[in-house]
Amino acid sequence: MRTQVAIIGGGPAGLLLSQLLHRKGIDTVVLERRSRDYVLSRIRAGVLEWGAVELLREAGVGARMDAEGFPHDGTYLASENRGFRIDFVERTGKQVMVYGQTEVTRDLYEARDKMDGQIIDEAEGVTIHGADTDAPHVTYTKDGSEHRIDCDFIAGCDGFHGVSRKTIPGTVLREFERVYPFGWLGLLSETPPVDDELIYAQHSRGFALCSMRNANLSRYYLQVPLDDKVEDWSDDAFWAELKQRIPEDAAQRLVTGPSIEKSIAPLRSFVAEPMRWGRLFLAGDAAHIVPPTGAKGLNLAASDVHYLYNGLVQHYEGDDEGIETYSERALARVWKSERFSWSMTTLLHLFPDQSPFERRMQEAEFDYLAGSEAAQTALAENYVGLPY
Ligand code: FAD
Ligand code: DHB
C-alpha cells in the first residue's frame, strides 16, 4: 500500500490530522493499535481552548460541538472555604468550550468514515522504517498477516506509550520529565453539575476539581496518593471526600449518584525534543505530557496538529518552511503550556513533603490571584489558550 502521510495512532491528534489533510486532497492512512470501541470508551479531557474549537470547525467536525457543547465565560478558584471567579471574557475576550474528548473522537471517526478515510484498527506491531531516509515505510500486522505502507511522511500521533518517539535514536532525542507524587481519581456520574462553571479547589486535604460534560453528566476529580487503587474508593467515600474539599455552599448543593466510570491517572510533565526526526513528526502526547490541572493535554495535541497540518499542506504546494520549522514552533508553544500546567499543579495541590513555608507560598499566591486583575489576566490568557 502507498499513502502520502502514514499516521500512527487514532486518538484525537491522529484523527484530526487525517481529517484536515484529507480535506486538502492529501492522502493518509491511520494505524490504531486498539479497537474503535476501546478508543471511544476512554474518558479523558473535557475543556477545549477556542483555537481547538476553531480547528475542529475547520476540519468540518464542529456541528455537534457547536450544538451540544457549552461555552464557558469563566471559572471558579477555591481555597478551603473561600474563593473567587476569574472571568475569561472580561480578562481576555475569549471563552472555552466544555465538550468531552470522547465526543470529539466520536465526531472525528464519523467524519473520517463519511469521507472513506482509511483507519486500520487493531493494527499490531506497528514499526517505522527509514524515517531518516527519503523513502520511509511502516509495517504492521493485522489478523495475523504482515502489511507494509510506503509513504512520504510519518506522523507519530500514538500517545505517550507509542512506538514513534521510541524510534528516534537516543543520540538525537532529549527528554525532560517531572513526575508528581500523587494522582487524580476521576468519577463520572449522571447527575447535574454542582455549578454552571468549573471549580478548581485547593484544600489542606488535597486538590479537587468539579467539572461536567452536560446538564446531567458531571465529572469530578480528587487528588489521591499514588498507591491508591480505584477499588479503595467506593462511590460514597468519593462523594464524602469531595464534599470536604470544595466550598461549603457547593458541598451543600452537590447532587451525588452512582458512578458510571472511575479511574486513576498519574500526573506527569514530559517533553521530548526535537519533535521531528527526518520524515517522522511527533504530535500530541507522543511528544509531551502535561499534568491535567489547566486542561491542556488535548489542546496541545490540537495546536501541534495545526502546525503539522499547515506545514504538510505547504510542502505539497512546494514550500518546505512549515515542516522545517515544525519542531521549533510546536515546542515554543508546548513549553509555555507545560509551564502553565506545572504552575497550576504546584499552586493547587498538596505535596506530601511540603514544608510549612511552601504551604504559605501557595496561600500567598492564591491571595495574590484573588486580589490582582493582572494576575487573573495572566491565568485567563493561558487557560483560554495562547495563540497558535
Ligand atoms: P492519545 O489520545 O493517547 O492517542 C494515541 C492513540 O495511539 C491511542 O488511541 C493509542 O491506542 C494509539 N497507539 C498507541 N501506541 C500505538 C502503536 N504502537 N500503534 C498504533 N497505535 C498506537 N487531558 C486533559 O486536558 N484533561 C484530562 O482530564 C485528561 N485526562 C486524561 C486521563 C488519562 C488516563 C490520560 C492518559 C490522558 C488524559 N488527558 C487529559 C490528556 C489527553 O487526554 C491527551 O493529551 C490527549 O488524548 C492527547 O491526544 P493524542 O491523540 O496525542 O494521544
Ligand atoms: C477536566 C479535566 C481537566 O484536567 C481540567 O483541568 C478541567 C476539566 C474534565 O475532565 O472535565
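## Second largest pocket

The second largest pocket holds about 250 Å³ of space. This volume comes from a predicted model, as do the other values in this report. The lining of the pocket is made up of Arg-178, Tyr-180, Trp-342, Thr-346, Leu-347, Phe-351, Asp-353, Gln-354, Glu-358, Met-361, Gln-362 and Glu-365.

Three elements, β13 (174–189), α12 (326–348) and α13 (356–371), each contribute at least two residues to this lining. The largest share comes from α13, with 4 residues. By class, the lining of the second largest pocket has 5 nonpolar, 3 polar and 4 charged residues.

## Surroundings of ligand 1

Around ligand 1 there are 29 residues, of which Glu-32, Arg-42, Arg-44, Gln-101 and Asp-285 come nearest. The shell divides into 13 nonpolar, 8 polar and 8 charged residues.

Backbone atoms make several polar contacts with ligand 1. An oxygen atom of the ligand lies 3.3 Å from a backbone N or O atom of Pro-12. A nitrogen atom of ligand 1 is 3.1 Å from a backbone N or O atom of Arg-33. For Gly-297, a backbone N or O atom is 3.3 Å from an oxygen atom of ligand 1. On its own, ligand 1 has 990 Å² of accessible area, and the protein covers 85% of that. The elements giving two or more residues to the shell around ligand 1 are α1 (12–23) and α10 (297–316). Pro-12, one of the contacting residues, is the residue at which α1 begins. Likewise, Gly-297, whose backbone also contacts ligand 1, is where α10 begins.

## Surroundings of ligand 2

The shell around ligand 2 has 14 residues, and the nearest are Tyr-200, Ser-211, Arg-213, Tyr-221 and Pro-292. By class, 8 are nonpolar, 3 polar and 3 charged.

Both side-chain and backbone atoms approach the oxygen atoms of ligand 2. A polar side-chain atom of Tyr-200 is 2.6 Å from an oxygen atom of the ligand, and a backbone N or O atom of Pro-292 lies 2.7 Å from an oxygen atom of ligand 2. Arg-44 has a polar backbone atom 3.5 Å from an oxygen atom of ligand 2; Arg-44 is also among the residues that come nearest to ligand 1. Taken alone, ligand 2 exposes 290 Å², and the protein buries 97% of that area.

Two elements, β15 (208–214) and β16 (217–224), give two or more residues to the shell around ligand 2. Of the elements, β15 gives the most, with 3 residues.

Definitions and conventions: Residues numbered from 1 in each chain as written. Chains lettered and ligands numbered in written order. Predicted model: local features only at pLDDT ≥ 70, side-chain atom pairs only at ≥ 80, totals over all residues. Heavy atoms only, no water. Near = heavy atom within 4 Å. Polar contact = N/O pair within 3.5 Å; in protein donor to acceptor, adjacent residues only side chain to side chain. Areas by Shrake-Rupley, 256 points an atom, 1.4 Å probe, with all protein chains shown as cover. Nonpolar A, V, L, I, M, F, W, Y, C, P; charged D, E, K, R; others polar. 1 Å grid on protein atoms, 1.4 Å probe; cavity = no way out; pocket = protein on both sides within 12 Å on 5 of 7 lines; lining within 4 Å. Points joined across faces, edges and corners; volume = space filled by probe spheres on them.
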